[in-house]
Every structure is written in C-alpha cells, then in structure tokens.
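Please look over the chain below before reading the notes, which are arranged by topic for a computational chemist.

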Amino acid sequence: MKLNYDMDYLNGGSSQEFLMHGETWFSQKLGLTNPKTIFDVGSNVGEWSKMTRKFCPNADIHCFEVVNSTFHKLYHNVKYDDKIYLNNFGLSNTEEIINFKFIEHNDRISTGLSLLRFDDSRPVTGLLRTGDSYVEEYKIDYIDLVKIDTEGMGNRVLKGLMNTLKQGKIGAIQFEYDRACILERFILIDHYEMLCPLGYKLGRLKQDHVEFKDYSLYDENFDGPEYVACHVNNTELLRLLT
C-alpha cells in the first residue's frame, strides 16, 4: 500500500517542514518589510503561499503551478484569497510545452528533469513561459520575493527572469539547492556566479537566520535545502535576516 504524501503534507506536514527549513522564519521577517508582490514559482497546492500570507497580509501573491491536476488542488485550497493570482503554467527560460513526471500520491516532486527516475510516475504535459514576459504583460514594477521550488529546474526560472534581475526589480530570491542541481549541471557556484554580479548576497537559510557568506567549495554538499539571495539595496530585509 502506497503512502499518501499529499495528505500528510496538508495535515500538518507542510507546517513542520516550513519551520524546520527556516521558511516560516524567513516569511515572518519578510512580512516586516510590508512586501507588495511575491512570486510563488512551483506552488504545488498552495501551502507555502497560505503560510506566507499570515505574515504578508497586503502582498499580491502570484502562484505558478504547471501540472493541471495539482493546479486544481491549488485553486480549491486558496480560492477565497482575492490577492492570490493563480497561473496554470510554470516559469522557465523558454515558452514551450514539455513533458513532466507526475506521481499521483506525491505530486510535490513532479519534475521536468528526464534524468530523475521515479518508478511510479506517469508522463503529463505542462506549459512554460518566461518570468520576464509575465512581468512585462502585467506591468509589475518590483517583486519583493521570488520563491522557487521546481524540483531541479530553478536555474531555468532565474534565466527566464534575467531582464528583471538586471534591472534590480527583484528584492530577494529563495531557491532550492539539492542533488537535483547536479542533473541540471547548475550547482551552488553557478548561482553565485549568476547572482553576485547583479548585486545579490547569498546564504543558506537556517531556522532563525540566513548564513550569508562568500562562496566556498566546501559548501557544495547539496544539503541545502534552501538558500536565499538578497539584493544589497534591500537593506531593511538584509538587516532583518542577519
């Protein structure tokens, strides 16, 4: 009999995970800066957005979920929040329809990485578009936080937001760093080399602080699980995080 990871996640598992990884603490600190716009890229069923809403009551939260069946769960989970904007597509560096691996009883690990093997997955298709085109279409002036949880495809999300990043319109980024980065051949040093020249400080997210530091080869342990990049001009948030 297969475990239903989705039910465990909805019945308190997500809250424990957010606390353990420092995401609850980070959202609380973000809320003290009164953010206006947040991107939740890889929203799954919306538990992260609901947690963040508690600390960021005035923010517009733009959710992006590429898998159709998961998107329907997301819709029913957050449909009464009129400041959450739901998008049934993912963000990447191209606009295309691609194949994803989907696991019915644990849709949190749906992925477009063909090298990630899941014996009980089935193929589904999903639409991708660039974050830059979305920002331009909806005339978004500034994004306080881009949270990325896309099972190894986070570098593509960043590349698709490159124009927005270069214009200094993203205050902070929360991204995953784990073994899936190996399959994308985009590891921690690549995040540093992409984001530091654009004015970001990077550090591992702990339960009650961010460990901002220069890059070290010894940090390439694929343990993560979450890293934060904060722009140097985002002085209030930087102060709160350190």
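What follows is a briefing on the fold, the covering of individual elements, the internal space and some backbone details.

The model is predicted, and all values given here are computed from it. The secondary structure of the protein amounts to 10 helices and 11 strands, and 54% of its 242 residues count as buried. Among the contacts with a separation of 6 or more, 70% are accounted for by residues 24 or more positions apart. The accessible surface of the protein is about 11800 Å², and carbon and sulfur atoms hold 50% of that area.

**The sheet**

- Eight strands form an open sheet with mixed pairing, in the order β3-β2-β1-β7-β8-β11-β9-β10.
- The edges of this sheet are β3 (84–87) and β10 (210–212), each of which pairs on one side only.
- On average, and with direction ignored, neighbouring strands of the sheet are turned by 20° against each other.
- Strand β2 (residues 60–64) runs parallel to β3, to which four bridges join it, and within β3 the residue that stands opposite I61 is I84.
- The pairing of β1 with β2 is also in the parallel sense, over five bridges, and F39 has H62 in β2 as its bridge partner.
- As a general point, the strands of a sheet pair through backbone hydrogen bonds, in either a parallel or an antiparallel arrangement.

**Helices against the sheet**

- Helix α3 (residues 47–55) packs on the sheet, where it touches β1 (37–41), β2, β3, β7 (145–148) and β8 (172–176), and its direction makes about 155° with that of β1.
- Helix α9 (residues 188–195) lies across β8, β9 (200–205) and β11 (226–231), and it runs at about 150° to β9.

**Covered positions**

- Strand β1 is mostly covered, with five of its five residues buried.
- The cover extends to both faces of β1, since T37, F39 and V41 on one side are buried, as are I38 and D40 on the other.
- S49, which has its place in helix α3, counts as buried because its relative accessibility is 0%, which falls under the 20% cut-off.
- Once its neighbours within four places in sequence are left aside, S49 is in contact with D40, I61, C63 and I84; of these, D40 is one of the buried residues of β1, while I61 and I84 stand opposite each other in the pairing of β2 with β3.
- The C-alpha atoms of S49 and L74 are separated by 10.0 Å, the two residues being 25 residues apart along the chain.
- T130 lies in strand β6 (residues 122–130) and is likewise classed as buried, because its relative accessible area of 18% is under 20%.
- Outside its neighbours within four places in sequence, T130 is in contact with L91, S92, N93, T94 and G160.

**Internal space**

- The count of cavities of 30 Å³ or more comes to one, and about 120 Å³ of space lies in the largest cavity.
- The lining of the largest cavity is made up of 14 residues, of which G152, G154, N155, E176 and C181 lie nearest its centre.
- Elements that each supply at least two residues of this lining are α6 (154–160), β8 and α8.

**Backbone details**

- The peptide bond that joins G224 and P225 is cis, with an omega of about -5°, and P225 is found in the loop between β10 and β11.
- K139 has a positive phi of about 50° although it is not a glycine, and its place is in the loop between α5 (131–137) and β7.
- K139 counts as exposed because its relative accessibility is 67%, which is over the 50% cut-off.
- R185, which is not a glycine, also has a positive phi, of about 55°, and its place is in the loop between α8 (180–184) and α9.
- With a relative accessible area of 64%, which is over 50%, R185 is therefore classed as exposed.

Methods. Residues numbered from 1 in each chain as written. Predicted model: local features only at pLDDT ≥ 70, side-chain atom pairs only at ≥ 80, totals over all residues. Heavy atoms only, no water. Pairing = 2+ DSSP bridges. Axes fitted to C-alpha atoms, helices over the stretch in contact; angles between N-to-C directions. Contact = heavy atoms within 4.5 Å. Buried < 20%, exposed > 50% of the residue type's maximum accessible area, 1.4 Å probe, protein only. Areas by Shrake-Rupley, 256 points an atom, 1.4 Å probe, with all protein chains shown as cover. 1 Å grid on protein atoms, 1.4 Å probe; cavity = no way out; pocket = protein on both sides within 12 Å on 5 of 7 lines; lining within 4 Å. Points joined across faces, edges and corners; volume = space filled by probe spheres on them.
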